[in-house]
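User: I have a model open and would like to understand the reasons behind the labels attached to it. Could you take me through them?

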Amino acid sequence: MELHFPPLMSGEACDAAFETACQRAILGCDAGLICYHLGQNELQAAMVFAPEVPLKSAMAMLPLCGVGFQNALGALAPPEVAVHLDWNGGIRINGAKCGHFRAMAAGRDPDAVPDWLVIGFTLPLWPKDDRPGDTPDETTLYAEGCADVQAPTLVEAWARHSLNWITRWEQEGNRPLHAEWRGLAHGIGEPAQQGGLSGTFLGVDEDFGMLLRDDSETHLFPLTDLLET
């Protein structure tokens, strides 16, 4: 099935969206390529970026794509369906974990401009077995009352909403994205663990780095910590 994307974006159906997008990026594909896999039980999609800013700033594309996903699903799903985002890329629907975002870049130096950056997500559509009660903190899209949300339509909507946010981010910086993301963030003010440390999740800094407060100090975990290698 061929999907339709906004100008400056293109699509490629494949078996492994994130891995294919990274391969295409290494080979020098144009920014705006969206690789997608419309599986029977799982939806995958990944977007290629060609950043013009240092990696520590470009990593804003991770929460940006999450916000684009929430906006897209929020417009397609019934109004009672709640979609929230974990700092580490996790997606939550009605409070339960439902897929996640990933990120990979050409390098890991936060102060260098990477040749490419790929942000992708995986979303389970149906339970893998008939015993969902074994994992009460995990769910799937169609188990949460979203049976009318078609996977191809969701990918197209994610591309459109993400592109809108990219345009705003380029024009207005992080502030509007910060405000939108904070309203969708899961767990702010609650106990959290990151990087082997436990504490209270206070929120994020100007570059969306996680602020974790323990008994003695506040620790900062930059988004670049989430990059896969």
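Analyst: Happy to; we will go label by label, setting each value against its cut-off. Please keep in mind that this is a predicted model.

User: Let's start with a helix. What makes the length of α3 close to the expected one?

Analyst: Helix α3 covers residues 61-76, which is 16 residues, and its first and last C-alpha lie 22 Å apart. The expected span is 1.5 Å times one less than the number of residues, and for α3 that comes to 22 Å, so the two values are close. As for its surroundings, α3 is mostly covered, with 13 of its 16 residues buried.

User: Why is Phe208 called buried or exposed?

Analyst: Buried means under 20% relative accessible area. Phe208 has 1%, so it counts as buried. Phe208 sits in the loop between β9 (197-204) and β10 (210-213), and it has a positive phi of about 70° without being a glycine.

User: And why does Asn94 get the label it has?

Analyst: The relative accessible area of Asn94 is 37%. That value lies between the 20% and 50% cut-offs, so Asn94 is partly exposed. Asn94 belongs to the loop between β5 (90-93) and β6 (96-105). Although not a glycine, Asn94 has a positive phi of about 55°.

User: How do you know that β5 and β6 are paired?

Analyst: Two strands pair if there are at least two bridges between them. Three bridges join β5 to β6, so the condition is met, and the strands run antiparallel. Ile93 stands opposite Ala96 in β6. The strands form a hairpin with two residues between them, and that is where Asn94 takes its positive phi.

User: What joins β5 to β4?

Analyst: Three bridges join β4 (residues 83-85) to β5, again antiparallel, so this pair also satisfies the minimum of two. His84 has Arg92 in β5 as its bridge partner. This hairpin has four residues between the strands, and Gly89 takes a positive phi near 105°. Within β5, Gly90 and Arg92 point one way and Ile91 and Ile93 the other, and all are buried.

User: Why is the pair of Phe101 and Trp158 called tilted?

Analyst: A search of the whole structure finds eight aromatic pairs. In this one, the ring centres are 6.4 Å apart, within the 6.5 Å limit, and the planes meet at 50°, between 30 and 60 degrees, so the pair is tilted. It links distant parts of the chain: Phe101 is in strand β6 and Trp158 in helix α4 (residues 151-172), 57 residues apart. Phe101 has 5% relative accessibility and counts as buried; Trp158, at 0%, counts as buried too.

User: What makes Trp126 and Tyr142 a tilted pair?

Analyst: Their ring centres are 5.0 Å apart and their planes are at 55°. The distance is within 6.5 Å and the angle lies between 30 and 60 degrees, so this is a tilted pair. Both residues are in the loop between β7 (117-124) and α4, 16 residues apart. Trp126 counts as partly exposed at 42% relative accessibility, while Tyr142 counts as buried at 15%.

User: Which residues form a cluster through ring pairs?

Analyst: Phe69, Phe101, Phe121 and Trp158 are linked that way.

User: How do you know that Arg102 and Glu228 make a polar contact?

Analyst: Their side chains come to 2.8 Å of each other, and the limit is 3.5 Å, so the distance criterion is met. Arg102 is in strand β6. Residues it touches, leaving out those up to four places away in sequence, include Phe18, Leu62 and Val118.

User: Why are β8 and β11 called edge strands?

Analyst: Four strands form an open, antiparallel sheet in the order β8-β9-β10-β11. β8 (191-194) and β11 (218-221) each have a single partner strand, so one side of each is left without a neighbour in the sheet. From one strand to the next, the twist averages 50°.

User: What ties β8 to its partner?

Analyst: Four bridges join β8 to β9. Among the facing residues, Gln194 has Leu197 as its bridge partner, and Pro191 stands opposite Thr200. Along β8, Ala192 and Gln194 point to one face and are buried, whereas Pro191 and Gln193 point to the other and are not.

Key: Residues are numbered from 1 along each chain as its sequence is written. This is a predicted model: local features need pLDDT of at least 70, side-chain atom pairs count only at pLDDT 80 or more; totals for chains, interfaces and linings use all residues. Side-chain values use heavy atoms; hydrogens and water are left out. Buried means under 20% relative accessible area, exposed over 50%, partly exposed in between (1.4 Å probe, protein chains only). Rings of Phe, Tyr and Trp (its six-membered ring) pair if their centres lie within 6.5 Å; planes under 30 degrees apart count as stacked, over 60 as edge-to-face and the rest as tilted. Axes are lines fitted to C-alpha atoms, for helices over the stretch in contact, and angles run from 0 to 180 degrees between N-to-C directions. A polar contact is a pair of N or O atoms within 3.5 Å; within protein, one must be able to donate a hydrogen and the other to accept it, and residues adjacent in sequence count only if both atoms are side-chain atoms. Contact means heavy atoms within 4.5 Å.
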